[in-house]
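The following exercises are meant to be worked through with the sequence and the model side by side. Please attempt each task before reading its solution.

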Amino acid sequence: MTYSTTGLPPTDSSASEPLDPDIAPGLLPESPDDREVRRTQTPLWRSLFHGVGLVGLVLVGTVILLGLVGPLFTRFGPDQQIDGAYLLSPSFEHWFGTDDVNRDLLTRVLYGIRIDLLIIFVAVPVGAGIGILAGLVTVSSPISDVVAQRVFDVILAFPALILGITLTAVLGPGAFTVGTVIALAEIPIFGRLTRTSVLRVREMPYVEAARVSGASTARVLLRHVLPNSLEALAVQFALSLSLAVFIEGALSYLGVGVVAPTPSLGSILATGNGYLETNPWFSAGPLIVVSVLVLGFYLIAQSISHNRRIGR
């Protein structure tokens, strides 16, 4: 047993606290604020090029490509009636068969993809933009915040299909009505998500520092708060695109969406519903496309959400 020359008990280095294995020697542990900044500075696109994100991009990209260039390679028009082609089975000439008025189903599905994508890629960004703007503006004023939340409650009280039927009675059926329904359904979703994100992020020290340095409220919201809320908004945007596919298909299926003879995936499914027992291939094309789109958008949202949780 050894004694210290100072008269104090010897220091046992083995009894000291073990180092955190996640902290490299010589480095200070990362604070929660530093971790938050590092996570929000990671580009969102990184999560889309590996794992399920890449699979989702491939699925959605394939459908988009078919909608853009597919109609250029078909020999038929979307409304062209072919002599002697009544409810033909799938063949080399008609890959998806023909419908009850002698039209090529593959051609109609390709044109239907174009119409559906145009609706959802316009309506969802419009609804998201209005919702985000409302969330940013109202959170800075208690009175406007209360008013906005009550308006959101009224919109959310109506399911999308009921809202679509109601607007159809006022505006009439058509692509514009479907787009309006989708946009209205997205406004309260993005408005409340933005509000929640702003309330969380604006308490961060770097936001407080910007406010103390004299930055205006608008600059703080647009320069510091909104960019650090983009990941949650990106996840919701992908999920909203998936939901918009369902809304458009359901409204067209009910006959209050895109007006015939303009092709849409929902209207083709509605027509094929009467031939499920005798001609089940009638609905196969649009059903496959809708499933691929929904799955692709869901995988993209899942990939962004996973990246957000682990802070890659």
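A residue counts as buried when its relative accessible area is under 20%, as exposed when it is over 50%, and as partly exposed in between, with a 1.4 Å probe and protein chains only. This is a predicted model, in which local features need pLDDT of at least 70 and side-chain atom pairs count only at pLDDT 80 or more, while totals for chains, interfaces and linings use all residues. Residues are numbered from 1 along each chain as its sequence is written, and side-chain values use heavy atoms, with hydrogens and water left out.

**Exercise 1. The overall chain**

Determine how many helices and strands the protein chain has, and what share of its residues count as buried.

Solution. Begin with the secondary structure, where helices (H or I, at least four residues) and strands (E, at least two) are DSSP runs numbered from the N terminus. By this count the protein chain has eleven helices and zero strands. Next, take the accessibility: of the 312 residues of the protein chain, 43% count as buried. Finally, turn to contacts, meaning heavy atoms within 4.5 Å: among those in the protein chain with a separation of 6 or more, 69% come from residues 24 or more positions apart.

**Exercise 2. The nonpolar cores**

Find which residues touch the most other members of the largest nonpolar core, and which helices each supply at least two residues of this core.

Solution. A nonpolar core is a set of buried Ala, Val, Leu, Ile, Met, Phe, Trp, Tyr and Cys residues joined through side-chain atoms within 4.5 Å. The largest such core has 40 residues, and those that touch the most other members are Ile-113, Ile-120, Ile-182, Val-245, Val-289, Leu-293 and Phe-297. At least two residues of this core come from each of α2 (52-69), α3 (105-138), α5 (160-171), α6 (175-201), α9 (230-253), α10 (265-272) and α11 (284-310). To look at one member in detail, select Val-245, which touches Ile-120, Val-290, Leu-293, Val-294 and Phe-297 when residues up to four places away in sequence are not counted. A second, separate core has 15 residues, including Leu-136, Val-201, Val-220 and Leu-226.

**Exercise 3. Aromatic pairs**

Identify the aromatic pairs and decide whether each is stacked or edge-to-face.

Solution. Rings of Phe, Tyr and Trp (its six-membered ring) pair if their centres lie within 6.5 Å, and planes under 30 degrees apart count as stacked, over 60 as edge-to-face and the rest as tilted. This rule gives two aromatic pairs. In one, Phe-121 and Phe-297 are 6.3 Å apart centre to centre with 80° between the planes, an edge-to-face arrangement. Because Phe-121 lies in helix α3 and Phe-297 in helix α11, this pair ties together parts that are 176 residues apart in sequence. Phe-121 is partly exposed at a relative accessible area of 33%, whereas Phe-297 is buried at 3%. The ring centres of Tyr-275 and Phe-282 lie 5.5 Å apart with the planes at 5°, so that pair is stacked, and both of these residues are buried.

**Exercise 4. Two residues with positive phi**

State where Leu-87 and Asn-102 lie, and whether they are buried or exposed.

Solution. As background, most residues other than glycine have a negative phi. Leu-87, although not a glycine, has a positive phi of about 50°, and Asn-102, also not a glycine, has one of about 65°. Leu-87 lies in the loop between α2 and α3, and the place of Asn-102 is in the loop between α2 and α3. Leu-87 counts as buried at 12% relative accessibility, and Asn-102 counts as buried at 17%.

**Exercise 5. A glycine in α3**

Establish which residues Gly-135 touches, not counting residues up to four places away in sequence.

Solution. First place Gly-135 in helix α3, where the residue is buried with a relative accessible area of 1%. With the stated exclusion, Gly-135 touches Gly-191, Thr-194 and Arg-195. As a further check on the distance, the C-alpha atoms of Gly-135 and Val-198 are separated by 8.2 Å, with these positions 63 residues apart along the chain counted as their separation.
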